[in-house]
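Student: Please examine one part of this model closely, namely the charged side chains and their pairings. After that, please set this part in the context of the rest of the fold.

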Amino acid sequence: MNKIGVIIAILLCSFASAAIADEEALIQERMVSIRAEGKQLDGLVIGAQARLDFIYVDAALVEALRTPSEFPDWLRWHAKDFASEELKRGVLFVLRIETYNPWTFDPMKISVADYALKEEDILTKPAYVPKGDLPSRFEGSLSFRVPGLKLKPGQEIIISYGEDKATFRVPKGR
């Protein structure tokens, strides 16, 4: 391989790495995680039954998902609800669940900014909503809306599952 070919290969690899890093940053600034039933001990979470990743879906994320990229398929699938009729005057979240042990999941234990999720807020088709007894190492996802919620960049809200809570800061946008 000649020197120009090597240089082009290095540049392509660095551009691909930068694009993946941008995608990860885009998701990370729109995500907050809860370790269900876990206990904090010196910065570690011990005894968690599952990890719940709540991803805020806004126009910037939807736009990024439209381009060829390394975003996960489940996120692309659920982000389509951003344009749904049910979402008008509300906010879309995608929840990704990963269990560590057998665990019982009830979507009605979710609340966002003091709004308790209702059955009609879940936008995923009922047959595909993970709920009830889930096995170890289960991975699943669902999308839901929070009607009437208006979020401003930099605003902090509490997202909870039962007694477990996390603070989410709305990203400044891109």
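**Charged pairs and their surroundings**

Tutor: Glu 63 has a relative accessible area of 46%, so it is partly exposed. The model in view is a predicted one, and every value in this answer is computed from it. The partner of Glu 63 in a salt bridge is Arg 66, with 3.1 Å between the closest N and O atoms. Arg 66 counts as exposed because its relative accessibility is 61%, the cut-off for that class being over 50%. This pair therefore joins a partly exposed acid to an exposed base.

A second pair has another setting. Lys 80 and Asp 81 form a salt bridge whose closest N and O atoms are 3.4 Å apart. Lys 80, at 44% relative accessibility, is partly exposed, whereas Asp 81 is buried, with a relative accessible area of 8%. The limit for a buried residue is under 20%.

In a third pair, the side chains of Arg 169 and Glu 156 meet in a salt bridge, at 2.5 Å from N to O. Arg 169 belongs to strand E12 (residues 164-169) and Glu 156 to strand E11 (residues 156-161), so this salt bridge ties together parts that are 13 residues apart in sequence. Both ends are partly exposed: Arg 169 has a relative accessible area of 48%, and Glu 156 stands at 47% relative accessibility.

Beyond these pairs, Glu 29, Arg 30 and Asp 58 are linked in a network of salt bridges. In total, the structure holds 10 salt bridges.

Other charged residues are of interest for their backbone. Asp 114 has a positive phi of about 70 degrees, although it is not a glycine. Asp 114 is placed in the loop between strand E7 (110-112) and strand E8 (115-116), and its relative accessibility of 82% makes it exposed. Arg 137 likewise is not a glycine and has a positive phi, here about 60 degrees. The loop that holds Arg 137 runs between strand E9 (132-134) and E10. Arg 137 is exposed as well, with a relative accessible area of 75%.

The loop of Arg 137 leads to the main subject of the wider context, a sheet. Four strands form an open sheet in the order E1-E4-E5-E10, with antiparallel pairing. Its edges are strand E1 (31-36) and strand E10 (139-147), each of which pairs on one side only. Averaged over the sheet, neighbouring strands are turned by 20 degrees against each other, direction ignored.

At one edge, E1 is joined to strand E4 (residues 50-57) by six bridges, and the two run antiparallel. Within this pairing, Arg 35 stands opposite Arg 51 in E4. The side chains of a regular strand alternate between the two faces of the sheet. In E1, Val 32, Ile 34 and Ala 36 form the covered face, while Met 31, Ser 33 and Arg 35 form the uncovered one. Arg 35 is thus a charged residue on the uncovered face.

At the other edge, nine bridges join strand E5 (residues 90-99) to E10, again in antiparallel fashion. Glu 98 stands opposite Glu 139 in E10, and Val 91 has Val 146 in E10 as its bridge partner. Although E10 is an edge strand, seven of its nine residues are buried, so E10 is largely enclosed by the rest of the structure.

The surface also has a nonpolar part. Leu 41, Leu 44 and Ile 46 make a nonpolar surface patch of about 290 Å². Ile 46 lies in strand E3 (residues 44-46) and is partly exposed, at 43% relative accessibility.

For the protein as a whole, the secondary structure comes to three helices and 12 strands. Of its 174 residues, 41% are buried. The exposed area is about 10,500 Å², of which carbon and sulfur atoms supply 56%. Among contacts with a separation of 6 or more, 63% are between residues 24 or more positions apart.

Technical notes. Residues are numbered from 1 along each chain as its sequence is written. This is a predicted model: local features need pLDDT of at least 70, side-chain atom pairs count only at pLDDT 80 or more; totals for chains, interfaces and linings use all residues. Side-chain values use heavy atoms; hydrogens and water are left out. Two strands pair if DSSP finds at least two bridges between them. Axes are lines fitted to C-alpha atoms, for helices over the stretch in contact, and angles run from 0 to 180 degrees between N-to-C directions. Buried means under 20% relative accessible area, exposed over 50%, partly exposed in between (1.4 Å probe, protein chains only). Contact means heavy atoms within 4.5 Å. Accessible areas come from the Shrake-Rupley method with a 1.4 Å probe; for residues, only the protein chains shown count as cover. Patches are made of residues with over 30% relative accessible area and no salt bridge: like charges are joined within 9 Å, nonpolar side chains (Val, Leu, Ile, Met, Phe, Trp, Tyr) within 5 Å. A salt bridge is a side-chain nitrogen of Lys or Arg within 4 Å of a carboxyl oxygen of Asp or Glu.
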